[in-house]
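The following paragraphs offer a guided reading of one protein model. The reader is invited to keep the sequence and the structure in view throughout.

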Amino acid sequence: MDNGVETILTAKEDSHFVVIRPKAFVPSTGSVWAREAVMLRYRNPVVFEAKTIVSTVYSAEFRTLCAMSMESEKTILAKCLAPNLSMFLEKLQEIIDYLESSKDDSPTRDLAEINDRIVDSGKLVLDTLKELQLPPVKLRWVQLTDAGPGVGVSTFSMRFHDAELVQLFNLDIQERCHRSRDESKQNEVQRTNSAIGDAVVNGTIIDWEVQKRFEVMTPEEIDGMSLSKYEVYEEGRMERNAWMVVEEVQNRLDDAPVLSEYITAYKLQKIENMFFFNEEHLSSYQKCTTDNARKKPGELLSEFITEGCREHLDGTLSDYCSSHHWIGHELSRVPQPVLDQANPPHFLPVWRTPLNNDQGKPRSVDDYQPWVQIYRLFKSGSLDLENNGAIENFSMKYAMDSDLV
């Protein structure tokens, strides 16, 4: 809305990327999705960066390097970045050597001192990058995703990594919304997947067993394998074959007529080589922390917004927000849908949808989300599924077909 007039936004640029990975070995999790987001940002700096005057000074390759950590660029690398990066790597190796050689009774003071030196050298690298005045990352991200197992908006790893992405790229706002689960046509991801189907199924056979069983093994080696060794060997062989198939699918997409001009395919790295490598430790942290008692996001929508901490810190700012204020125009949260009482079962337009309830306080999470309300009312005994009148009232209030209740 602009001065009360509804404006239709039209996208002038459109980029499609397909990330290919074997789900049996790299499943869909919050950590994996976050790794994919970071990889795409590094591989495609032009897509993720805001357009500024500086944008044309440095090449895309150089900005990719700077995101991960011309002749003038070589000079900058040699004189500025390279020494600081070298120092940082030396300090990092120092702490690795310390951890490998330390004993249980080693003083933690030494470790803390090494860690301080790493932090200081890392700041030098960041200060050097800041002086380059590289184009900033676009400040507002909206991720429209599926809601499969392990990647729901309420999943701890999803929320944790989304918060990390906000801080990593200094975003003003990031939203993650699960699109209609029963209508895949509403999901941009599914539409892209449909488009690549013909390129993958091009009439030729994909060899699913590139490396045959016991290939390049002598009869003596085969006879000497125990059951446990065979299981390890077979699992490794299956994983190698899976990655070979991933590479074949990537090649087919890259070579597809016409389609390859609009869609870029990437092969995801193995888990041990990815950016977010702490999935196991994050799971352990979740089990022992009390942080889960904090306010949960909605069933289908989560939102991180600059200075949103005021809502649960009595109007004060957290340490992070105290030093990271709004960069672009300040925004309010996106309100969750509210039924239009004057025109049921329709919902109010977003510009007329309130953020607060009748008492002037923030609305409760999912207050008009049908599935959530069914669960809450049924659990409290307020909704009797044998009472047709109660079902009809519920369907009218929450704009939901009574047959689905």
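The tour of this predicted model begins at the surface, where Leu89, Leu92 and Ile96 make a nonpolar patch of about 240 Å². Leu92 belongs to helix α4, which covers residues 71-101. With a relative accessible area of 33%, Leu92 is partly exposed; because a residue needs over 30% relative accessible area to be counted in a patch, Leu92 meets that condition.

The patch should be read together with the confidence of the prediction. In the protein, α4 has the lowest confidence, with a mean of 64, whereas helix α9 (residues 227-255) has the highest, at 91. Across the protein the average pLDDT is 78, and 81% of the residues score at least 70. Two stretches stay under 50: residues 70-74, for which the model has 6 contacts beyond four places in sequence, and residues 291-295, for which the model likewise has 6 such contacts.

The overall picture can now be set out. The protein has 405 residues, of which 33% count as buried, and its secondary structure consists of 13 helices and 5 strands. Its accessible surface comes to about 26,100 Å², and carbon and sulfur atoms account for 54% of that area.

Helix α9 deserves a closer look. One of its residues is Arg252, which is buried, its relative accessible area being 7%. The side chain of Arg252 reaches the backbone oxygen of Val200 at 2.7 Å. Leaving aside residues up to four places away in sequence, Arg252 touches Ala199, Val200, Asn202, Thr204, Ile205 and Ile206.

Charged pairs form the next topic. The whole structure contains 12 salt bridges, and several of them involve α9. Within that helix, Glu234 and Arg237 lie 3 residues apart, about one turn of the helix, and their side chains meet in a salt bridge with an N to O distance of 2.5 Å. Arg237 counts as buried at 1% relative accessibility. Glu234 also forms a salt bridge with Arg213, at 3.1 Å from N to O. Arg213 lies in the loop between α7 (188-200) and α8 (219-223) while Glu234 is in helix α9, so this pair ties together parts that are 21 residues apart in sequence. The two partners differ in burial: Arg213 is partly exposed, with a relative accessible area of 43%, whereas Glu234 counts as buried at 13%. These residues belong to a network of salt bridges that links Glu209, Arg213, Glu234 and Arg237.

Another salt bridge joins Arg41 and Glu49, whose closest N and O atoms are 3.6 Å apart. Are these two residues buried or exposed? Arg41 counts as buried, at 6% relative accessibility, and Glu49 is buried as well, with a relative accessible area of 4%.

The last stop is helix α12, formed by residues 370-380. Its buried residues are Pro370, Val372, Gln373 and Ile374. Part of what covers these buried residues is α13, which spans 388-397. Just after α12, Gly381 takes a positive phi of about 85°.

Definitions and conventions:
Residues numbered from 1 in each chain as written. Predicted model: local features only at pLDDT ≥ 70, side-chain atom pairs only at ≥ 80, totals over all residues. Heavy atoms only, no water. Patch = residues over 30% accessible without salt bridge, like charges linked within 9 Å, V, L, I, M, F, W, Y side chains within 5 Å. Areas by Shrake-Rupley, 256 points an atom, 1.4 Å probe, with all protein chains shown as cover. Salt bridge = Lys/Arg side-chain N within 4 Å of Asp/Glu carboxyl O. Helix = DSSP H or I, 4+ residues; strand = E, 2+ residues; numbered from the N terminus. Buried < 20%, exposed > 50% of the residue type's maximum accessible area, 1.4 Å probe, protein only. Contact = heavy atoms within 4.5 Å. pLDDT = per-residue confidence, 0-100. Polar contact = N/O pair within 3.5 Å; in protein donor to acceptor, adjacent residues only side chain to side chain.
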